[in-house]
Amino acid sequence: MADGFEVTATVDVINQDTNYFIHGAATEDPFFQAVKKRLGDQLINNVPDQEYDGNWGGYTGIIGTDIGSRTSDSTNIYDSGWWAHADKSIDYKINLEPGGKYTVISGYKEWWGGATRNMKFSAIDSTGHVLDSVEFTTNKDTKAHQERLQFELEQADDVQISVSKVGGSDPVLAWLAVEREEMISIDSLRMALSDYVKSEEIAKPSYKILNNRLTVAEKHYEKNKWNQAIKSLEDFLKHLNNNADNISSEAQEDLKKYSEKLIEQWKE
């Protein structure tokens with residue numbers, strides 16, 4: 001850079017909806033510690049990785065028989081993780097709560113240079129039903145590859161996350177992340193509204209108007225009248241924004257967030 005300095009930096013980004021971040025085979029990991037500090041109790045696991053213990057989850061393969069670890073002094077999250085023994089898979093069980101849209105992201109790097117790996121990344125519930133899966137290939141040029149799965153759960157379950165062989169060399173895995181996007185409904189929004197009026201954070205006249213907006217939105221929604229339903233929720237938002245004297249700042253902020261999320265869901 002002329003008359004100055006050129007600065008190069010590597011930036012790893014963690015999404016705000018992350019519930020788990022697992023760095024394969026790691027016992028200490030600066031990136032995991034940074035994620036834990038940023039997300040606090042939202043990040044359910046307290047260690048970078050562990051053997052499955054029936055609680056939050058962990059890897060289920062036997063080290064030395066099913067999987068082996070690839071270690072590195074590097075702080076790059078792609079430089080270490082698990083590799084599978086011949087014709088074995090890399091498997092985790094992770095406890096997931098119901099009522100949300102889940103995204104599971106996995107990271108890969110070709111550590112040994114010349115191998116081509118055709119792999120399948122899968123999420124399977126406890127009944128054996130495949131929630132989502134994707135096939136992909138890595139090779140000598142793979143430095144920081146990601147794959148992702150998406151699914152919804154109606155009940156809590158220990159979901160199996162697997163990386164298995166389709167062809168070529170056996171699977172590898174550097175890291176996993178699980179994100180949970182909370183799904184909002186008219187019922188959950190109405191329940192929040194009711195709780196705030198009970199705690200006297202919303203004046204009753206405003207409560208009646210807001211509840212009426214939700215009732216109208218619900219009727220339109222049930223008739224698949226999406227534009228009218230969204231318009232009713234936008235009227236709900238307008239009343240929230242224009243009546244700050246009758247609504248606490250906390251109630252206003254929460255109800256605004258929930259209603260905007262519901263509008264977003266209905267527009268999808």
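These legends accompany several views of a predicted model of one protein chain.

**View 1. The whole chain and its secondary structure.** Welcome to the full fold: five helices and 12 strands make up the secondary structure of the protein chain. For 268 residues the globule rule gives 18 Å, but the radius of gyration here is 23 Å, well over that value, so the chain is more spread out than a compact globule. If you follow the C-alpha trace along its principal axes, you cover about 70 × 60 × 35 Å.

**View 2. Inside and outside of the chain.** Buried residues make up 43% of the 268 in the protein chain. Among contacts with a separation of 6 or more, 67% join residues 24 or more positions apart. On the outside, the protein chain exposes about 14,800 Å², and 44% of that comes from carbon and sulfur atoms.

**View 3. Charged side chains.** Look here for 45 negative and 29 positive side chains in the protein chain. The centres of these two sets lie 7 Å apart.

**View 4. Helix α5 from end to end.** Helix α5 takes in residues 249–267, 19 residues in total. At 1.5 Å a residue it should span 27 Å, which agrees with the 27 Å between its end C-alpha atoms.

**View 5. The buried side of the story for α5.** Which residues of α5 are buried? They are Ala251, Gln252, Asp254, Leu255, Ser259, Lys261, Leu262, Ile263, Gln265 and Trp266. Their cover includes the strand β12 (175–182), along with α2 (186–198), α3 (204–222) and α4 (226–242).

Technical notes. Residues are numbered from 1 along each chain as its sequence is written. This is a predicted model: local features need pLDDT of at least 70, side-chain atom pairs count only at pLDDT 80 or more; totals for chains, interfaces and linings use all residues. Side-chain values use heavy atoms; hydrogens and water are left out. Helices (H or I, at least four residues) and strands (E, at least two) are DSSP runs, numbered from the N terminus. The radius of gyration is taken over C-alpha atoms; the globule rule is 2.2 Å times the number of residues to the power 0.38. Buried means under 20% relative accessible area, exposed over 50%, partly exposed in between (1.4 Å probe, protein chains only). Contact means heavy atoms within 4.5 Å. Accessible areas come from the Shrake-Rupley method with a 1.4 Å probe; for residues, only the protein chains shown count as cover. Lys and Arg count as positive and Asp and Glu as negative; His and the chain ends are not counted. The place of a charge is taken as NZ of Lys, CZ of Arg, CG of Asp or CD of Glu. The expected span of a helix is 1.5 Å times one less than its number of residues.
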